[in-house]
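Here are some short exercises to work through with the model open beside you. Try each task before you read its solution.

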Amino acid sequence: MTNIVLPNETNSLRNLFGGELLAKMDRCASISAVRHSERRAVTASVNHVSFNHPIPEAGIVVLESKVSRVFSTSMEIYVDVWLDDPIAGTKIHTNEGIYTFVAVDEFNKPVPIPQMIPETDLEKERYAAAFRRKELSLILSGRMKPQDSVELKKLFVQTDL
Ligand SMILES: CC(C)(COP(=O)(O)OP(=O)(O)OC[C@H]1O[C@@H](n2cnc3c(N)ncnc32)[C@H](O)[C@@H]1OP(=O)(O)O)[C@@H](O)C(=O)NCCC(=O)NCCS
């Protein structure tokens with residue numbers, strides 16, 4: 001998705017307001033979620049967003065989202081954001097967001113999603129780490145007890161007593 005930053009989307013420093021960027025990222029991720037699952041899909045959690053570089057008014061923002069792992073009814077989606085400056089000939093990676101979407105039926109009930117196979121090194125790296133992130137998200141949202149986790153148990157539960 002490519003956008004240009006308009007004045008009404010900026011903060012007092014005349015850079016893109018964080019909430020505006022989050023909305024764009026959510027929108028972009030939701031398109032990947034629907035395209036992959038061929039179902040309606042809802043945002044279940046925003047697991048991480050980094051704001052590494054300001055995006056100024058009139059800047060050209062490029063968002064790219066990809067499904068990084070499918071679990072059963074949920075999928076992790078990575079959104080990468082760049083500031084594209086065709087005049088200077090630069091493209092700066094400004095943000096990254098990690099979202100969880102759930103595919104739902106017409107009664108908003110979660111439904112299974114077709115699997116995906118990571119191919120590039122980056123896709124494989126993101127796929128491998130997604131399980132840890134899912135466990136962390138479930139623990140932080142109170143949906144999983146730390147002692148029930150597979151990969152994160154040792155971080156949360158003291159076992160040497
Ligand atoms: C997301 C939603 C559909 C999940 O429904 P639910 O009845 O709780 O379903 P489940 O407990 O079976 O969870 C479904 C999947 O989501 C995952 N999930 C739910 N909450 C999660 C979270 N915070 N982080 C990561 N995964 C989560 C579950 O682990 C499960 O994944 P899996 O089937 O791949 O293993 C439901 O909570 C909902 O509709 N939320 C509102 C969504 C919304 O309106 N979003 C727009 C933003 S306002």
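**Exercise 1. Sort the residues of the shell around the ligand into nonpolar, polar and charged.**

Solution. In this predicted model, 16 residues surround the ligand. Sorting them gives 6 nonpolar, 8 polar and 2 charged residues. The closest ones are Ser72, Thr73, Ser74, Lys134 and Ser137.

**Exercise 2. Find which elements supply at least two residues of the shell around the ligand, and which one gives the most.**

Solution. Step one is to list the contributors: strand E2 (40-51), strand E5 (90-104) and helix H2 (121-140) each supply at least two residues. Step two is to rank them, and here E2 gives the most, with 4 residues.

**Exercise 3. Find the polar atoms of threonine 43, serine 72 and serine 74 that lie close to the ligand within the 3.5 Å cut-off for a polar contact, then say how much of the ligand the protein covers.**

Solution. Start with the backbone. A backbone N or O atom of threonine 43 lies 3.0 Å from a nitrogen atom of the ligand. For serine 72, a backbone N or O atom is 2.8 Å from an oxygen atom of the ligand. Now turn to a side chain: a polar side-chain atom of serine 74 lies 2.7 Å from an oxygen atom of the ligand. As for the cover, the ligand on its own has 960 Å² of accessible area, and the protein covers 57% of that.

**Exercise 4. Describe the surroundings of serine 74: is serine 74 buried or exposed, and what does serine 74 touch?**

Solution. First place the residue: serine 74 belongs to strand E4 (residues 74-85). Next, compare its relative accessibility of 6% with the 20% limit; serine 74 falls under it and therefore counts as buried. Then look at the side chain, which makes a polar contact with the side chain of lysine 134 at 3.3 Å. Finally, leaving aside neighbours within four places in sequence, serine 74 is in contact with Thr100, Phe101, Val102, Ile113 and Lys134.

**Exercise 5. Do the same for serine 37: in which helix is serine 37 found, and which backbone oxygen does its side chain reach?**

Solution. Serine 37 is found in helix H1 (residues 18-37). Its relative accessible area is 7%, which is under 20%, so serine 37 is buried. The side chain of serine 37 reaches the backbone oxygen of alanine 33 at 2.7 Å. Not counting residues up to four places away in sequence, serine 37 touches Met75, Ala103, Ile113 and Pro114.

**Exercise 6. Search the whole structure for aromatic pairs and explain why the pair is tilted.**

Solution. The search finds 1 aromatic pair. Its members are tyrosine 99 and phenylalanine 101, with ring centres 6.4 Å apart and planes at 35 degrees. That angle is neither under 30 degrees nor over 60, so the pair is tilted. Tyrosine 99 is buried, with a relative accessible area of 1%, and phenylalanine 101 is also buried, at 1%.

**Exercise 7. Summarise the protein chain: how many helices and strands are there, and what share of the residues is buried?**

Solution. Count 3 helices and 5 strands, then read them from the N terminus as β-α-β-β-β-β-α-α. Of the 161 residues, 38% are buried. The accessible surface comes to about 9800 Å², with 55% belonging to carbon and sulfur atoms. Lastly, among contacts between residues at least 6 apart in sequence, 63% join residues at least 24 apart.

Notes: Residues numbered from 1 in each chain as written. Predicted model: local features only at pLDDT ≥ 70, side-chain atom pairs only at ≥ 80, totals over all residues. Heavy atoms only, no water. Near = heavy atom within 4 Å. Polar contact = N/O pair within 3.5 Å; in protein donor to acceptor, adjacent residues only side chain to side chain. Areas by Shrake-Rupley, 256 points an atom, 1.4 Å probe, with all protein chains shown as cover. Nonpolar A, V, L, I, M, F, W, Y, C, P; charged D, E, K, R; others polar. Buried < 20%, exposed > 50% of the residue type's maximum accessible area, 1.4 Å probe, protein only. Contact = heavy atoms within 4.5 Å. Phe/Tyr/Trp six-rings, centres within 6.5 Å; stacked < 30°, edge-to-face > 60°.
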